[in-house]
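Grab a pencil and have the viewer ready. The exercises below each set a small task, and a worked solution follows every one.

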Amino acid sequence: MANYYSDHPEIAFHLDHPLMKRIVDLKERGYADAKDYPDAPVDYEDAIENYKRILDITGDVAANILEPNSESVDLEGPHLENGRMIYASKTFENIEATRKAGLHGVSMPRRYGGLNLPNVTFSMLSEVISAADAGFQNIWSLQSCIDTLYEFGSEEQRQKYIPRVCAGETMSMDLTEPDAGSDLQRVMLKATYDEEAGCWRLNGVKRFITNGDSDIHLVLARSEEGTRDGRGLSMFIYDKRDGGVDVRHIEHKLGIHGSPTCELTYKNAKAELCGSTRLGLIKYVMALMNGARLGIAAQSVGVEQEAYNEGLKYARERAQFGKKIIEFPAVYDMLSRMKAKLDAGRSLLYQTARYVDIYKALEDIQRDTKQLTPEERQELKKYTRLADAFTPLAKGMNSEYANQNAYDAISIHGGSGFIMEYKSQRLFRDARIFSIYEGTTQLQVVAASRYITNGTYLGIIKEMLESEVADDLKALKARVAAMTALYEEVLAEVKAEDNAEKTDYVLRRLYEMTADIIMSLLILDDATRSPELFTKSAQVYVRHAEAECNGHYTFIKNFKAEDLDAYRQ
């Protein structure tokens, strides 16, 4: 029987990373839960085995329920009835299956009914579910909104809402409005305090809200009258049980049909303040978005994997000119690059997730104990910075790779790839949104820009270059070192020229050089630790990265500020 986890040993490989011991020790805090919760691990090895069991269950559900339902969900989609969103019929089956499997509240502490899993494992679960149905992954993974309530809400709110999510209730984050997309400072949904009822009231419209008729919403609203910027925004909790919010419209989309995208009208809806006023955008949405971006990176890797699977399967079966098309260089070239991007992108995803895990666990300890040792404070600072730097790379590059792999899967299928009965067309339609929502790739470049221009990434790359690789990979590592020299050269020249418009214009190319080099070094490390899984991908990916870096170097090196006139429309 198929299993979307165990069929791909490359996923489990990332549970054996050296940082996992630190992550699990921080997350389990001396394994104290073992005395109160029968399913809690007693030591590190027990925790890793527990993660593998949960992943295996998820892989089974994904392969044998979610994937078989995916075509029906794509064709039916959600619909609107009397101001309520109704899921596609098979989506209800999917939700019930994941509830029965205990796959909700996975990141939450056990005292609230959660599984206390680290972000690495949550990302693996997201990848596996996305490979089966990327649209359903949206519905399922939005449970991670509860992390923001857990971090910034009161204990009373934690007790009230977290067990419900752990039991399988759904969530959404209501941020976007008709006039506030990427520029969330323009949010105008109004929040006013009702003195008589002792609660906040929300009025206005939200647009493009994923899973918008969920049970529990986190809502960005303007609480400070007369303000027009982010300092007047706060975060609120809306409970569907209280009423006051209707679905006005469900968008008809190119892809991810099973994931409802709603326009909502708030009419004097009762809400609770989450955290403090004025910090909604400045602090809480940033936390929400970073988590969501890592979720999209995992979603992207799942589709990268499934697109590769579909392309490989078809190439092995399809014969032309007397032989299987997988024997043609043009086809196996595409497949090798798809696999290399998948393995390198996955490595970047899980490296990012590990950084997030360490700083999040330390923050959690600090919240509970009010103190960290000086060494832990330094560790918190280090991994917060690394997570912040790596997140826009993981989201931006993997969302682009998902699009590229889905495109190539169709190319391998030829004319059949354009026919609706083949899955590759759905993967292509689903993937297109990944580089748009939760921050476009262009916005990921902006998020990464300060780490590019201040030399943070260059410092990380040089530190990574100090790591040893297997003897048969040293020639590839030397090529990565040569890429790094080109990167350092053009970066220094761009900074020295000090032309803001030119810097902005070439930033995407510097971003891609940064990611290419970092992913090359990550896949070399993976191939050193597991040559049977990753040596081929390391060979292909470094050559791919080298070609891209050389092209970007040549463009930036020869580009003059006056050349910008040719590009202005």
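## Exercise 1: A glycine in a loop

At 81% relative accessibility, glycine 322 counts as exposed, and keep in mind that the model you are looking at is predicted. Your task: work out where glycine 322 lies, and what you find at the residue just before, phenylalanine 321.

Solution. Start with the strands on either side: glycine 322 belongs to the loop between strand E10 (319-320) and strand E11 (323-324). Phenylalanine 321 is found in that loop between E10 and E11 too. Next, check its surface: phenylalanine 321 has 80% relative accessibility, and since over 50% means exposed, it counts as exposed. Then look at the backbone. Most residues other than glycine have a negative phi. Phenylalanine 321 is not a glycine, yet its phi is positive, about 55°. Finally, try a distance: from the C-alpha atom of glycine 322 to that of leucine 218 you should get 58 Å, with the two positions 104 residues apart along the chain.

## Exercise 2: Another positive phi

Find where asparagine 268 sits and decide how accessible it is.

Solution. First the element: asparagine 268 is part of strand E9 (residues 261-274). Now the angle: its phi is near 55°, positive although the residue is something other than glycine. Last, the surface: the relative accessibility of asparagine 268 is 43%, so it counts as partly exposed.

## Exercise 3: Checking a helix

Does the length of helix H3 agree or disagree with what its residue count leads you to expect?

Solution. Step one: H3 covers residues 44-76, which makes 33 residues. Step two: at 1.5 Å a residue, the helix should span 48 Å. Step three: compare that with the end C-alpha atoms, which are 44 Å apart, so the two agree. Now follow the axis along: H3 has a kink of about 40°, centred on serine 70. To finish, visit both ends. At the start of H3, aspartate 43 has a side-chain oxygen within 3.4 Å of the backbone nitrogen of glutamate 45. After H3 comes glycine 77, with a positive phi near 65°.

## Exercise 4: Hunting for disulfides

How many disulfides does the structure hold?

Solution. The count is 0. Take cysteine 274 as a test case: the nearest cysteine sulfur belongs to cysteine 145 and is 11 Å away, and cysteine 274 is in no disulfide. A disulfide would need the sulfur atoms within 2.5 Å. While you're there, look at the burial: cysteine 274 has 0% relative accessibility, so it counts as buried. Cysteine 549 also comes out buried because its relative accessibility is 0%.

## Exercise 5: Rings that meet

Which kind of aromatic pair do tyrosine 355 and phenylalanine 390 form?

Solution. Begin with the total: there are 21 aromatic pairs in the structure. In the pair of tyrosine 355 and phenylalanine 390, the centres are 5.1 Å apart and the planes are at 90°, which makes it edge-to-face. Now place the partners: tyrosine 355 is in helix H10 (residues 329-369) and phenylalanine 390 in helix H11 (residues 374-413), so the pair links parts of the chain 35 residues apart. Tyrosine 355 is buried at 9% relative accessibility, and phenylalanine 390 is buried at 1%.

Then turn to phenylalanine 555 and phenylalanine 559, a stacked pair with 5.2 Å from centre to centre and 20° between the planes. Phenylalanine 555 is partly exposed at 22%, whereas phenylalanine 559 is buried at 4%. Ring pairs join both of them with Tyr505 and Tyr567 in a cluster. One more neighbour: the charged end of arginine 509 sits over the ring of phenylalanine 555, 3.6 Å from its centre.

## Exercise 6: Buried acids

Which side chains make polar contacts with glutamate 10 and aspartate 343?

Solution. Take glutamate 10 first. You'll find it in helix H1 (residues 9-13), and 10% relative accessibility makes it buried. Its side chain contacts that of lysine 339 at 3.3 Å. Now move to aspartate 343, which lies in helix H10 and is buried at 1% relative accessibility. Its side chain is joined to that of serine 537 by a polar contact of 2.6 Å.

Note on methods: Residues are numbered from 1 along each chain as its sequence is written. This is a predicted model: local features need pLDDT of at least 70, side-chain atom pairs count only at pLDDT 80 or more; totals for chains, interfaces and linings use all residues. Side-chain values use heavy atoms; hydrogens and water are left out. Buried means under 20% relative accessible area, exposed over 50%, partly exposed in between (1.4 Å probe, protein chains only). Helices (H or I, at least four residues) and strands (E, at least two) are DSSP runs, numbered from the N terminus. The expected span of a helix is 1.5 Å times one less than its number of residues. The bend at a residue is the angle between axes fitted to the seven residues ending there and the seven starting there. A polar contact is a pair of N or O atoms within 3.5 Å; within protein, one must be able to donate a hydrogen and the other to accept it, and residues adjacent in sequence count only if both atoms are side-chain atoms. Rings of Phe, Tyr and Trp (its six-membered ring) pair if their centres lie within 6.5 Å; planes under 30 degrees apart count as stacked, over 60 as edge-to-face and the rest as tilted. A charge sits over a ring if NZ of Lys or CZ of Arg is within 6 Å of the ring centre and within 35 degrees of the ring normal.
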